[in-house]
Amino acid sequence: MIACTYMEQGKFELVEKPKPEISDSHDAVVKVTLASICSSDLHIKHGSVPRAVPGITVGHEMVGIVEQVGSDVTSVKPGDRVTVNVETFCGKCFFCRHGWVNNCTDKNGGWVLGCRIDGGQAEYVRVPYADQGLEIIPDSVTDLQALLVGDVLATGYWAAKISEIKYEDTVLIIGAGPTGLCTLQCVRLHKPKKIIVCDIDENRLNFVKKHYPEVLTAYPENLREFVIANSEHGGADVVLEVAGSNDTFNMAWQCARPNAVVTVVALYDRPQILPLPDMYGKNLIFKTGGVDGCDCKEILRLIDEGKLDTVPLITHTVTLADIARGYELFENRRDGVIKVAVKMV
Ligand SMILES: [Zn+2]
Ligand SMILES: [Zn+2]
């Protein structure tokens, strides 16, 4: 089979590989129908994920059909249509039992798929701990509707869930890329009084205005003043930092009111400075990134009920053979791209 493979820093290539096989009784092999390209794939390509193993198949956001299961897999069977979770977790360790599956202590726990073991930008993928890592897609939900469930939508759902959002709150979301837009959808489920979305990109803000007319949009320039003018207590009650660029961490805490929750969803390319003397007295609560992707069933239910819809985010589709074009589009943000789906046939 053909697999999009991390060769070395700066280089992904389509490589012929054998079809994956069950290697543990908790594994499943999934025939991928749709995968997507994620900014974390680009982080691997650019060398900012040192854990990533050269030679692995990339891709960690996909849907498919179960082909084969190990003898200990009980929740799915061959023929089931499933979403694949970005995270691998055992479901039994201390962290898993608390729902902190990102920190699963299994040797393959956390984000390994498409990073340390072969991922899903390929015709088939082996999924360890399939009972935890796969979720059956309801018949009424299409593959395209379910494509982002395992990663960016799970991230948005988790970010909104941990941010302690209340009805009277003004919530600021920094970054309107794919994860920012998923975060926005999930924040809306918590029904805060006001939502402000900030981005540097006019196209992205226009997308927000078109699809969520009740949401306020702002550019980074004078963001703090804008947030203060549009909130009741001198800043946002909750800030979600989903951009991960050079200035956005500072922007996040500076726009927060005292005692606010600041949730850092972003994955940064370089270390950030926490200027404690400058924020002394603000009594902020920081929550740091690393999705606990264990709510996929609930997310699929919300999609089925029409409360979440990420289809408009998938602006382009390429075939696996043409995946380089998809990467080129996504990386250079051409043609109004938000998300690229990769069709296997
Ligand atoms: Zn990702
Ligand atoms: Zn675990």
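**A core shared by two domains**

The largest nonpolar core in this predicted model contains 106 residues, and the members with the most contacts inside it are Ala28, Val30, Leu172, Ile173 and Val239. Both domain 1 (2-151 + 292-343) and domain 2 (155-287) contribute residues to this core, so it lies between them. One of its well-connected members, Leu172, shows how distant parts of the sequence come together: leaving out residues up to four places away in sequence, Leu172 touches Ile196, Cys198, Val227, Ala236, Val239 and Cys255.

It helps to look next at the two domains themselves. The chain is divided into domain 1, made of residues 2-151 + 292-343, and domain 2, made of residues 155-287. Their centres, taken over C-alpha atoms, are separated by 27 Å. Where the domains meet, 18 residues of domain 1 are in contact with 13 residues of domain 2. On the domain 1 side that touches domain 2, helix α1 (residues 39-45) gives the most, with three residues. That side of domain 1 is a mixture, with six nonpolar, seven polar and five charged residues.

A good place to begin a tour of the strands is β3. Strand β3 spans residues 28-37, and eight of its ten residues are buried, which leaves the strand mostly covered. Strand β3 has several pairing partners. With strand β4 (residues 62-69), β3 pairs in the antiparallel sense over seven bridges, and here Lys31 stands opposite Ile65. Strand β6 (residues 124-127) also pairs with β3 in the antiparallel sense, over four bridges; Val30 has Val125 of β6 as its bridge partner. Strand β15 (residues 339-343) makes four bridges with β3, again in the antiparallel sense, and the partner of Leu34 in β15 is Lys343. As general background, side chains in a regular strand alternate between the two faces of the sheet.

Another strand worth a visit is β1 (residues 2-8), which holds Cys4. Why does Cys4 count as buried? The reason is that 25 other C-beta atoms lie within 10 Å of Cys4, and 20 or more are needed for a residue to be called buried. Apart from neighbours within four places in sequence, Cys4 is in contact with Phe12, Leu14, Thr57, Val58, Gly59, Gln121, Ala122 and Ile323. The C-alpha atoms of Cys4 and Val15 are 6.3 Å apart, although eleven residues separate the two along the chain.

The helices can be read in terms of their buried and exposed residues. In helix α7 (residues 202-211), the buried residues are Arg204, Phe207 and Val208. Viewed down the axis of α7, these residues fall within an arc of 100°, so they line one face of the helix. Glu202 and Lys210, on the other side of α7, are exposed. The cover over the buried residues of α7 includes β9 (194-198) and β10 (216-218).

Helix α11 (residues 296-304) offers a second example, with Cys296, Ile299, Leu300 and Ile303 as its buried residues. These residues cover an arc of only 100° around the axis, which puts them on the same side of α11. What do the buried residues of α11 pack against? They pack against β5 (81-84), β7 (134-136), α4 (143-146) and α5 (152-162). After α11 comes Gly306, with a positive phi near 80°.

Key. Residues are numbered from 1 along each chain as its sequence is written. Chains are lettered from A and ligands numbered from 1 in the order in which they are written. This is a predicted model: local features need pLDDT of at least 70, side-chain atom pairs count only at pLDDT 80 or more; totals for chains, interfaces and linings use all residues. A residue is buried if 20 or more other C-beta atoms lie within 10 Å of its own, exposed if 12 or fewer, and partly exposed in between; C-beta atoms are placed from the backbone. Helices (H or I, at least four residues) and strands (E, at least two) are DSSP runs, numbered from the N terminus. Two strands pair if DSSP finds at least two bridges between them. Two residues are in contact if their C-beta atoms, placed from the backbone, lie within 7 Å. The arc is that of the directions from the helix axis to the C-beta atoms. Domain bounds come from an automatic or database domain assignment. Ala, Val, Leu, Ile, Met, Phe, Trp, Tyr, Cys and Pro count as nonpolar, Asp, Glu, Lys and Arg as charged, and the others, Gly among them, as polar. A nonpolar core is a set of buried Ala, Val, Leu, Ile, Met, Phe, Trp, Tyr and Cys residues joined through C-beta atoms within 7 Å.
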